[in-house]
Amino acid sequence: MKHIGWCLERIQIVMAHIPRAVISEEDKEKANKILNEVQEYANTLAQLILYPKFKNYLSKLENSSIEGLRLQAHEIEELFKDLEHMLYVLDLYIKNLREIIENHPEQWNKKADQLVLMIDQKFGGEMGELRKEFQVALHKEEELKQLVTSEEHLAEFLK
């Protein structure tokens with residue numbers, strides 16, 4: 001979960017630098033560069049969430065000894081569904097923003113901030129940080145090396 005949380009935080013940080021408008025070619029280029037970076041984090045997120053053993057690892061949170069981290073079975077199932085849904089929405093969001101950059105730049109300011117807000121609403125805590133579940137490492141180092149194709153992201157995970 002720690003690695004998933006890292007990806008979600010990175011997406012929020014990267015999106016904070018998105019231009020306010022995409023009228024100029026420079027702004028369009030910057031927006032596309034940022035969306036490319038978000039796509040990389042989305043790919044890593046998908047590799048972690050769609051890993052067959054991930055659901056089993058989530059179940060371990062049911063018996064966690066860390067105070068405030070124990071989740072009920074239904075909460076684990078909801079968290080898994082939320083993460084899967086996040087992948088789907090993230091894909092649609094990136095495609096939609098790219099289409100807006102190309103064909104409807106006037107709609108940009110209505111859409112550009114929605115992703116950060118959605119991540120915060122779904123996975124954030126009361127103080128604006130990610131929930132406690134995202135502080136626990138579930139994947140083993142060997143698994144991360146097999147799963148994560150971005151060498152940059154893997155290096156961050158193994159620090």
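**Helices and salt bridges in a predicted model**

Me: At 31% relative accessibility, what does aspartate 91 count as?
Reply: This is a predicted model, in which local features need pLDDT of at least 70 and side-chain atom pairs count only at pLDDT 80 or more, while totals for chains, interfaces and linings use all residues. Residues are numbered from 1 along each chain as its sequence is written, and side-chain values use heavy atoms, with hydrogens and water left out. Buried means under 20% relative accessible area and exposed over 50%, with partly exposed in between (1.4 Å probe, protein chains only). At 31%, aspartate 91 therefore counts as partly exposed.

Me: Which residue meets aspartate 91 in a salt bridge?
Reply: A salt bridge places a side-chain nitrogen of Lys or Arg within 4 Å of a carboxyl oxygen of Asp or Glu. The partner of aspartate 91 lies 4 residues away in helix 4, about one turn of the helix. The N to O distance is 3.0 Å, and the partner is lysine 95.

Me: How many residues apart in sequence are the parts tied together by lysine 122 and aspartate 82?
Reply: The side chains of these two residues meet in a salt bridge of 3.5 Å, N to O. Lysine 122 belongs to helix 6 (residues 114–123) and aspartate 82 to helix 4 (residues 73–103), so the pair ties together parts whose separation in sequence is 40 residues.

Me: Which residue of the pair lysine 122 and aspartate 82 is buried?
Reply: Lysine 122 has 34% relative accessibility and counts as partly exposed. A relative accessible area of 17% belongs to the buried residue, aspartate 82.

Me: In which helix do glutamate 141 and lysine 145 lie?
Reply: Their side chains meet in a salt bridge at 3.3 Å, N to O, and glutamate 141 is partly exposed, with a relative accessible area of 42%. The two residues are 4 apart, or about one helical turn, within residues 141–147, which form helix 7.

Me: How many salt bridges does a search of the whole structure find?
Reply: Among them are the pairs aspartate 91 with lysine 95 and glutamate 141 with lysine 145. The search of the whole structure gives a total of 4.

Me: Where in the chain is confidence lowest?
Reply: The chain comes to 8 helices and 0 strands, where helices (H or I, at least four residues) and strands (E, at least two) are DSSP runs numbered from the N terminus. The chain averages a pLDDT (the predictor's confidence in each residue, from 0 to 100) of 84. Where pLDDT is low, predicted coordinates should not be read in detail. Confidence is highest in helix 2 (residues 25–49), at a mean of 95, and lowest, at 77, in helix 3 (residues 54–59).
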